[in-house]
Amino acid sequence: MSVKSAYKVVGVVSTAAVLVLAGCGSDDRTESNGSLLDRPTKGELSTNGGAARLDGDQTGAVREAINGSGARNIILLIGDGMGDSEITIARNYEKGAGGFFEGIDALPLTGSYTTYALRKDGKPDYVTDSAASATGWSTGTKTYNGALGINIKGEAQKTILELAKDQGFATGDVTTSEIQDATPAALFSHISERDCYGPEEMAEDCVDETLEKGGKGSVTEQLLATRPDVTMGGGAETFAQTATGGEYASKTLEVQAKERGFQIVRTAGELASVSKADQDAPLLALFADGNMPVTLAGPPAVRHGYLQPTVKCGDNPEHGSDVPKLAEMTTKAIELLKSSKSGADKGFFLQVESASIDKRDHAADPCGQIGETLAFDEAIKAALDFAKQDGNTLVIVTADHGHTSQIVEPLSEDDLRGIAEDVKQPIERVRDIMYPGLTIKLTTADDAEMTLSYGTSADVGVEDETHTGTQVRIAAYGPRAANVVGLTDQTDLFFTMTGALGIKP
């Protein structure tokens, strides 16, 4: 192998093409009956047209997918850190290169949106964190990394959940992270430091924003004050902290939640028994002390892991029967919101996050990352099943930012020796140059090897792979779904959602 060929870049170029809503009663797919179209490959990958996904002209189907009317309900699904690479990795692993996700890949209209944050001087910060990005789509205002629900001047910005609740809609916030984490917290909190989960963190990092100093209090205290009808996730340990100011001073946050009328559940069985959640008795489901356990487990990527045998993922024993799956949480949230008085009268807004796609990407843990992408796909399918039956629900699926994992070209030791000879360098140095990060090989559904690289941190055991500044995919189904087509910004999503529900910011 030559040096030139060894250093070539093999990438995947994503397009903001329009995917279509269709499912045809005949082989002529120029017509559509309005159902979602599966898009697996058509035949053997090696034959002419065998890798193609389209069958016939899609113009009519795209036309049918465009619905400019208002929506009664919105279900926003966020795959934290789920860039195009994370989707492709999970699809290859679980379905094969020619496979198709029934949730992620089934939305009819798609585009890309930009994700940059701002610095406090107003200039772009090209790599966002989850707090700034979530503030963008939840309020329509860009902010600096670490901030929630405020602009770069520190001024509070109304969120889509707060506006929906104020104007009569039922509201829900579901995540697999701690409920105080950036994405779910962006819907109900306004604070300068995302990590100020409770009074103890406030005393260290957000002193001027405590309740006793006239501020809004910690993230958890703001959750209890905002009072969504349905809240699900982890983060139970913070509720053991004691309030230091306000009406509930000297009481734990759990006691406060109970005195405010929240019904608290801790297991999948307890969740299944809940039949009602509204402003009289909002649901607070806490399924873990910290983040909820992921569904799949396996070895992490390591230095020069591409030289080791391929691996397969297995079930995570920590994700037991008492821990609900994200699809179950999504279905239950929809059921409770639509049947509440506000939901029945006006409609609902629901956010659902698969949080640990990001968290396991940070840890260079491909199995954890893949499992949470698969769980997210199941949740999307549950949302789409409801939306298709309901006929008046906007479903939006996107990510908050890109991440580090990439599918890379595999090189053998013979390849590396050839490069070393060409450049007259020791093979050890060539290994470090060719694969500076952490790598691993997985066996996919195609019974083929897939080499993954985590290249934003090269240190073994350091859970510090970082975000990237790429634009990410956004896709939608239902009323106003066409507003995601082409290139938009994260802040556009706020206005698409408020416009669809007829909410006045």
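**Entry 1: Phe349 and the cores**

I began with Phe349 and listed its contacts, leaving aside neighbours within four places in sequence: they are Ile74, Leu76, Ile160, Leu161, Ala164, Ala170, Thr171, Gly172, Leu187, Leu337, Met497 and Leu501. I note at once that this is a predicted model, and that I read each position with that in mind.

Phe349 also turned up when I looked at the largest nonpolar core, which has 113 residues; Phe349 is there among the residues with the most contacts inside the core, together with Leu77, Met232 and Leu283. I then asked myself which helix gives the largest share of this core. That is helix 14, residues 366–390, from which ten residues of the core come. I also found a second, separate core of nine residues, and I wrote down Leu416, Ile419, Ala420 and Met434 as being included in it.

**Entry 2: confidence**

I next looked up the confidence values, and found that the chain averages a pLDDT of 90, with 91% of the residues scoring at least 70. Where does pLDDT stay under 50? It does so over residues 1–36, although the model has 80 contacts beyond four places in sequence for that stretch. I leave those contacts uninterpreted, because predicted coordinates should not be read in detail where pLDDT is low.

**Entry 3: salt bridges**

My search of the whole structure for salt bridges gave 21, and I followed up several of them by name.

I took Arg303 and Asp432 to begin with, whose closest N and O atoms are 2.7 Å apart in a salt bridge. Arg303 lies in strand 10 (residues 302–303) and Asp432 in helix 16 (residues 427–434), so this pair ties together parts that are 129 residues apart in sequence. I checked the accessibility of each partner: Arg303 is partly exposed, with a relative accessible area of 28%, and Asp432 also counts as partly exposed, at 33%.

I then turned to pairs within a helix. The side chains of Glu254 and Lys258 meet in a salt bridge at 3.5 Å, N to O, and both residues lie in helix 9, four residues apart, which is about one turn of the helix. For Glu254 I noted a relative accessibility of 25%, which counts as partly exposed.

Helix 14, already noted for its share of the largest core, holds another such pair: Lys388 and Asp385 form a salt bridge at 3.9 Å, N to O. Because these two residues are three apart in helix 14, they are separated by about one helical turn. Lys388 counts as partly exposed at 40% relative accessibility, and Asp385 is likewise partly exposed, with a relative accessible area of 35%. Elsewhere I traced a network in which salt bridges that share partners join Asp129, Asp181, Arg194 and Lys359.

**Entry 4: backbone angles**

I looked up two residues that have a positive phi although neither is a glycine. For Ser250 the angle is about 75°, and I placed this residue in the loop between strand 6 (230–234) and helix 9 (253–259). Is Ser250 buried or exposed? It is exposed, with a relative accessible area of 65%.

For Arg480 the positive phi is about 70°, and this residue sits in the loop between strand 17 (472–477) and strand 18 (486–489). Its relative accessibility is 26%, so I recorded Arg480 as partly exposed.

**Entry 5: Gly314**

I found Gly314 in strand 11, residues 314–315, and noted that it is partly exposed, with a relative accessible area of 27%. Leaving aside neighbours within four places in sequence, I found Gly314 in contact with Thr295, Leu296 and Ala297. I also looked up how Gly314 stands to Thr244: the two are 70 residues apart in sequence and 44 Å apart in space, C-alpha to C-alpha.

**Entry 6: a nonpolar surface patch**

Last, I looked at the surface, where Tyr116, Tyr126 and Val127 form a nonpolar patch with about 300 Å² of accessible area together. I located Val127 in the loop between strand 4 (124–125) and helix 4 (130–139). With a relative accessible area of 35%, Val127 is partly exposed; patch members need over 30%, so I see why Val127 can be counted in the patch although it is not in the exposed class, which begins over 50%.

Terms used: Residues numbered from 1 in each chain as written. Heavy atoms only, no water. pLDDT = per-residue confidence, 0-100. Contact = heavy atoms within 4.5 Å. Patch = residues over 30% accessible without salt bridge, like charges linked within 9 Å, V, L, I, M, F, W, Y side chains within 5 Å. Areas by Shrake-Rupley, 256 points an atom, 1.4 Å probe, with all protein chains shown as cover. Salt bridge = Lys/Arg side-chain N within 4 Å of Asp/Glu carboxyl O. Buried < 20%, exposed > 50% of the residue type's maximum accessible area, 1.4 Å probe, protein only. Core = buried A, V, L, I, M, F, W, Y, C linked by side-chain atoms within 4.5 Å.
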